[in-house]
Amino acid sequence: MNRSKKIAFFDAKPYDRKSFDPNNKNFGFDISYFDAHLNEKTVELTCDFDAVCVFVNDTLNKSVIEHLIEHGIQVIGLRCAGYNNVDFKTAYNKIHVLRVPAYSPYAVAEHAAALILSLNRKIHKAYSRTREGNFSINGLLGFDMHGKTAGIVGTGKIGRCLISILKGFGMDILAYDRFLDEEYAKDAKISYVPLEELFEKSDIISLHCPLNRETEYLINKKSIGKMKPGVMIINTGRGKLIDTQALIEGLKCGKIGSAGLDVYEEESDYFFEDRSADMITDDVLARLLTFPNVLITSHQGFFTTEALQKIAETTLGNFKEFFEGGYLKNEVCYKCENPCLKKQNKRCF
Ligand code: NAI
């Protein structure tokens, strides 16, 4: 490398700088941190850069990607696993998209488990009660997880970690995945079932599949109708896996017993930001926050020291591979399911 490659780093938070700066000592990139999200308004900031580094709520639609290409940027580094915010059709053949496929499945699975335990035993309510001198346990009744059934949608890295945690509690597991791994199911002693059966039989349903055209609004009025009364729904996947309006209706009529949401379909204006001095203008989010049996966390499933370290290392390693002209093992594109390219260790284009 002649001069240091310049990276425009969007949606930069103090904890990002803390993990990227020390790691960058091994890579020597020239990183400029921007607090703003990347979108149509801020894309102009990228004109002097070689690369952009973005996160889950940055916009990478057709218009933004076309601007990046105009500015001569050849690579987008996602510092996350999910890539539902990228318009791959526009990107293909023009700009490479790299991601961090796995940083800590344990972090997200453990967070899902934390949501389940808190909702079941109402720890969020007990915490406020005892701090105010209220030691009554009225209304805090939970259920034994032992012997109950958990339905896991998506048995990838995170889904599998959560399955092993929940099996530790003595839960029975029903799983659904678009691609069945029977060997895993046999080893883990779990059963794959059709989605409908999972909805009908599960006491707790947890979502760990990617967001795509098939999974958008997987939890909707119809699927909620099939669920057990009092079911707990956990979403640490992506907000749009759930039709929030249908979720609210399900909560209002008591069909849904509780919901733990680390993601929300319209999260980008709120999540990761301190909005405590503002009025919430999103009426759906505001309504969700009124339910005592809904626990919302602000997309913090990934947020552990170990995961941040892995994210920084892998993201910077991805940029290095790109600028050194090597094979991009963490490239994503809408043709990247093509196993030949992966086998030949070639770039997608
Ligand atoms: P993974 O790729 O290891 O597993 C995803 C699983 O979903 C695979 O087994 C895949 O076959 C399955 N799948 C694909 N399409 C499906 C469909 N239509 N129906 C059912 N299953 C389907 O991904 P990983 O690492 O387990 O992550 C899962 C999701 O978790 C990510 O896509 C991302 O959206 C979310 N995530 C959330 C984080 C957070 O902080 N809350 C952090 C990291 C990921």
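These notebook entries record what I looked up in a predicted model of a protein with a bound ligand.

**Entry 1. Ligand shell**

I began with the surroundings of the ligand and found 23 residues around it. The closest are Lys 157, Ile 158, Asp 177, Thr 236 and Asp 262. By residue class, I noted eight nonpolar, nine polar and six charged residues in this shell.

**Entry 2. Polar contacts of the ligand**

I then looked up individual atom pairs. A polar side-chain atom of Asp 262 lies 3.0 Å from a nitrogen atom of the ligand. Two further contacts involve the backbone and reach oxygen atoms of the ligand. For Gly 156, a backbone N or O atom lies 3.3 Å from a ligand oxygen. For Phe 302, the corresponding distance is 3.0 Å. I also looked up how much of the ligand is covered: taken alone it exposes 870 Å², and the protein buries 87% of that.

**Entry 3. Aromatic pairs**

I turned to the rings, for which the structure holds 16 aromatic pairs. A pair of aromatic rings is described by the distance of the centres and the angle of the planes. I recorded Tyr 15 and Phe 303 as edge-to-face, with 4.6 Å between centres and 65° between planes. Tyr 15 belongs to helix α1 (residues 14-24), while Phe 303 belongs to the loop between β12 (294-296) and α12 (305-323), so this pair ties together parts that are 288 residues apart in sequence. Both partners are partly exposed: Tyr 15 has a relative accessible area of 24%, and Phe 303 has one of 40%.

The next pair I examined was Phe 27 with Phe 29. Their ring centres are 6.1 Å apart and their planes stand at 10°, so I entered the pair as stacked. Phe 27 is partly exposed at 21% relative accessible area, whereas Phe 29 is buried at 6%.

**Entry 4. Aromatic cluster**

Which residues form one aromatic cluster with Tyr 15? I listed Phe 55, Phe 272, Phe 302 and Phe 303. Of these, Phe 302 was already in my notes for its backbone contact with a ligand oxygen, and Phe 303 for its edge-to-face pair with Tyr 15.

**Entry 5. Charges over rings**

I looked up charged ends that sit over rings and noted two cases, Lys 6 and Arg 160. The charged end of Lys 6 sits over the ring of Phe 49, at 5.3 Å from the ring centre. The charged end of Arg 160 sits over the ring of Tyr 184, at 3.9 Å from the ring centre.

**Entry 6. Positive phi**

Most residues other than glycine have a negative phi. I therefore noted two residues with positive values, Phe 272 and His 299. Phe 272, a member of the aromatic cluster, has a phi of about 80°. I located Phe 272 in the loop between β11 (256-261) and α11 (283-288), and with a relative accessible area of 16% it is buried. His 299 has a phi near 55° and lies in the loop between β12 and α12. At 7% relative accessibility, His 299 also counts as buried.

**Entry 7. Thr 305**

Finally, I looked up Thr 305, which is found in helix α12. Is Thr 305 buried or exposed? Its relative accessibility is 66%, so I entered Thr 305 as exposed, the cut-off being over 50%. From Gly 170, Thr 305 is 135 residues away in sequence and 29 Å away in space, C-alpha to C-alpha.

How values were computed:
Residues are numbered from 1 along each chain as its sequence is written. This is a predicted model: local features need pLDDT of at least 70, side-chain atom pairs count only at pLDDT 80 or more; totals for chains, interfaces and linings use all residues. Side-chain values use heavy atoms; hydrogens and water are left out. A residue is near a molecule or strand if one of its heavy atoms lies within 4 Å of it. A polar contact is a pair of N or O atoms within 3.5 Å; within protein, one must be able to donate a hydrogen and the other to accept it, and residues adjacent in sequence count only if both atoms are side-chain atoms. Accessible areas come from the Shrake-Rupley method with a 1.4 Å probe; for residues, only the protein chains shown count as cover. Ala, Val, Leu, Ile, Met, Phe, Trp, Tyr, Cys and Pro count as nonpolar, Asp, Glu, Lys and Arg as charged, and the others, Gly among them, as polar. Rings of Phe, Tyr and Trp (its six-membered ring) pair if their centres lie within 6.5 Å; planes under 30 degrees apart count as stacked, over 60 as edge-to-face and the rest as tilted. Helices (H or I, at least four residues) and strands (E, at least two) are DSSP runs, numbered from the N terminus. Buried means under 20% relative accessible area, exposed over 50%, partly exposed in between (1.4 Å probe, protein chains only). A charge sits over a ring if NZ of Lys or CZ of Arg is within 6 Å of the ring centre and within 35 degrees of the ring normal.
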